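Subject: Structure handover

Hello,

Here is the structure we spoke about, handed over for you to look through. My notes follow below it.

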Amino acid sequence: MPIHPLSSEQLYRRSELNELDATCTSTKHLLPLDEIVGQARAQHAVEFALSMKEKGYNIYALGRNGLGKRTMILRHLNKQSTSDKSQSFDPLYDWCYVVNFDDARQPRVLKLPAEMGPKLKKDIETLMQKLSKALPLAFDNEMYYARADKLKNQLASKQEQAIITLTNDAQKLGVSLSISTKGNYELIALNGEEAHTEESYSQLSYAQQTKLQTAISKLEAKLRGLIRQITVWEEEYTDKQQKHDEQVAEDVLSHSLHKLKEKYKALPQIKQYLKAMRKDILDNLDIFLEENEEQIALAYAALSKKMPRRYQVNVLVSQAKKSPPIIIEDSPNYHTLFGYVENATYKGTVITDFSLIRAGSLHKANGGVLMIDAVKVLEHPHVWDGLKRALRSKKLSLSSLEREVTLSGAISLDPEAIPLNIKIILFGDHHTYKLLQRFDPEFCELFKVTADFEDKMPRTHQSERHYAQFISSIVHSNKMLHCDRAAIARIIEFSSRQVDCQDQLSLHSVDVANLLREANYCARSAKATLIRASHIEQALRNKELRICRAKDEFMQSFVNGTTLLQTQGKTIGQVNALSVMSTSDYLFGAPSRITATTSFGEGKVFDIERKVELSGSIHSKGVMILSAFLASILGKTDKIPLSTHLTFEQSYGGVDGDSATMAELCTILSSIADLPLRQDIAITGSMNQFGESQPIGGVNEKIEGFFDVCQIKGYTQTQGVIIPRSNIHNLMLRKDIITAVKKGQFHIWAIDHVDQAIELLMGTAIGKHNPQGHYPETSVLGLAHAKLAALRAQSPHSPQS
């Protein structure tokens, strides 16, 4: 049966917007869509993961960039946080670091109700300001000095009385007690009122000398005991003075801390901290009394307000909102995620303490959601391991990266870990997902939920209405000019072309948003009040002009004759095939010539591309499939006595894919049967071993590529393209091609079997064999079999052994 070309209506599906009300003339009358269309599966996965409280239910958002993954999840989270579902989240807390008075290297964590952290910090600052004034005043008044003098006088009186007593006892024994110029006590024997000289002492009798020495020995023993007693008295005095100072400070502290204790009496952690701070202040009164200037200067070397550093409250995270935090980390390196400890330098001294601990994204998102890009996480050393460690332990330990990656023993802090309650959402593509699954056994344990985002959605009247609302939401959020009805329809048609399918719509929202921005620019430049279909077309033309340099250079090769291609006439063993070339952001059709030559041989098909290693594995498979089909129609009873050499002419790069399989088969049959092929028709399509056509990709670009070459070479009214019938639904062709088809200047044939392509290209029936296995003599297979039979008859018989 003859194959009829497709009608112009089959080449493009227009959007009628039947679901939109007739009164809706622009996006101004459309309610913006509050969610991303076509992602019900991914949205369900996100809802499920966020509802699960168990460990490991984090999310891997799977899909290409530009699908609106982040936008959809953000909208869902914001909607959930304002709804009743927000009550299902755990309570939020402020996290503060304070000094550990027992070990300053291990700062303590305070877990406070939301918004309480800054209040505590302010209250402690106010307390310190009061104490810095009140304590010095308490120690600088007559009452304090009188009490201190009394204790000092009591000590002096005891010391003086004890020395007088010992002095009198010594005089009775003829010994003098005196103090040397160096402050040492001396016992000297007396000769009356004067001290003995060596001469006078030597004149004494042995008994007198013995008596004096005995007396001095006893007095020395008493003197040592007295000195010990004086030391005890001085220690008692110091203790009494310290107790006095503590009592004075205690009176000040009791008054100052009373309100704070009452205010925070319901929070045991703060009560415990205030108690420890009170004890520490009493132990370190010199910080407030400014007795050691260097020490005091260092203690006050803060980067903010003038208050002792050890009593500051470092509010690491404060939850100001009632809803769970939603943090997006665009640069997930170790410090931005896990926090770090700063260093401050004061007069050449490097200071590191709890007040210099800084929060990371995990701290800020604690109790909520943290969204990060998977590839960026994996790019930074140690980040992935640190993230897994935090999720496994459900604790956030702030450890120095430098300490982990080096053997340095530099002084550092070891802050108390913060309990971690968070949902991590990783954004990534399929390749990264498969790598993590394959090489990291912990990945599936920690990221149990995959939110798989769709690339496309079915195109129905209802989905077109949703897509129109989606367009309206982009227009409203970016404050663009509104789109009229025709512009909305053209964008929907553009979306179908993006996925090469009349029955699908692209969910690559970035493409639609960019098109709207560029169309909005065109409309404003033209002083228009609405974005119209003409502005959409202009934006598309402008974009193609920017990125089509490679296509223009390729097409120029047909203009100057560098690339050889016929678009009229007939030739044996030569056919026009279609392929697709691509740059980073542009696809275009690239017609090329396939030729086949036959010679006496053993029936093998030699793929020249494969021999020179320019063929990919899929192309090689296609050649093997057509070889099998050839053998099934020409070599069922005997070997094919011909060898075929097959190649893509003027192809200097790699060739892959099986979309040229039918074209290659046609060239081989043409060469075997000596029947010429039409050069005004190009063909694309894969086939199986039974000759059935199979769909291929890039059908729109391939058709448009051959159409452009025909335009360059000149129209003949007979030119066209053969495609598999299963590709009809992929057609969303340019308007100039549709117009040419409508006028009968260009044709597109859809086939089910390679036999139909052979008949179109050769103008001769393929031929059906009769019960005896013979084909009509004038048919393609009849001519081919006749030629092969003649060659078999001419070939010499192999010698018998």
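How much area does the protein chain expose, and what share of it do carbon and sulfur atoms supply? The exposed area is about 41100 Å², and carbon and sulfur atoms supply 52% of it. Please keep in mind that this is a predicted model.

Overall form

The protein chain has 801 residues, and 47% of them count as buried. Its secondary structure consists of 28 helices and 30 strands. Along the principal axes, the C-alpha atoms fill a box of roughly 165 × 85 × 50 Å. The radius of gyration is 48 Å, whereas a compact globule of 801 residues would come out near 28 Å.

Among contacts with a separation of 6 or more, 77% are between residues 24 or more positions apart. As for charge, the chain carries 96 positive and 93 negative charges, and the mean positions of the two sets are 4 Å apart.

Annotated regions

Two spans come from an unreviewed UniProt entry. The entry lists "coiled-coil region" at residues 209-236. In the model that span is 100% helix and 0% strand, with its end C-alpha atoms 40 Å apart.

The other is "domain: Lon proteolytic", which UniProt lists for residues 569-764. Here the chain is 34% helix and 29% strand, and the end C-alpha atoms are 15 Å apart.

Helix α25 and two glutamates

Helix α25 covers residues 699-713 and includes Glu-701. Glu-704 is found in α25 as well. Are these glutamates buried or exposed? Glu-701 has 10% relative accessibility and therefore counts as buried, the cut-off being under 20%. Glu-704, at 7% relative accessibility, counts as buried too.

Leaving out residues up to four places away in sequence, Glu-701 touches Arg-497, Asp-500, Val-580, Leu-587, Phe-588 and Gly-589. With the same exclusion, Glu-704 touches Met-732, Leu-733, Arg-734 and Ile-737, along with Arg-497. Arg-497 thus appears in the contacts of Glu-701 and in those of Glu-704.

Helix α27

Helix α27 runs over residues 754-762 and is mostly covered, with eight of its nine residues buried. Which residues of α27 are the buried ones? They are Val-754, Asp-755, Gln-756, Ala-757, Ile-758, Leu-760, Leu-761 and Met-762. Just after the helix, Gly-763 takes a positive phi of about 70°.

Arg-532

Where is Arg-532 found? Arg-532 is in the loop between α19 (509-525) and α20 (533-547). Its relative accessibility is 37%, so Arg-532 counts as partly exposed; that class lies between the 20% limit for buried and the 50% limit for exposed.

Apart from its neighbours within four places in sequence, Arg-532 is in contact with Asp-484 and Ala-487. Arg-490 is 42 residues from Arg-532 along the chain, and the C-alpha atoms of these two arginines are separated by 9.1 Å.

If you want places to start in the viewer, try Glu-701 in α25, the buried residues of α27, including Leu-760, and the loop that holds Arg-532.

Regards

How values were computed: Residues are numbered from 1 along each chain as its sequence is written. This is a predicted model: local features need pLDDT of at least 70, side-chain atom pairs count only at pLDDT 80 or more; totals for chains, interfaces and linings use all residues. Side-chain values use heavy atoms; hydrogens and water are left out. UniProt positions are given in the numbering used here, feature names are shortened, and annotations may be inferred rather than shown by experiment. Helices (H or I, at least four residues) and strands (E, at least two) are DSSP runs, numbered from the N terminus. The radius of gyration is taken over C-alpha atoms; the globule rule is 2.2 Å times the number of residues to the power 0.38. Buried means under 20% relative accessible area, exposed over 50%, partly exposed in between (1.4 Å probe, protein chains only). Contact means heavy atoms within 4.5 Å. Accessible areas come from the Shrake-Rupley method with a 1.4 Å probe; for residues, only the protein chains shown count as cover. Lys and Arg count as positive and Asp and Glu as negative; His and the chain ends are not counted. The place of a charge is taken as NZ of Lys, CZ of Arg, CG of Asp or CD of Glu.
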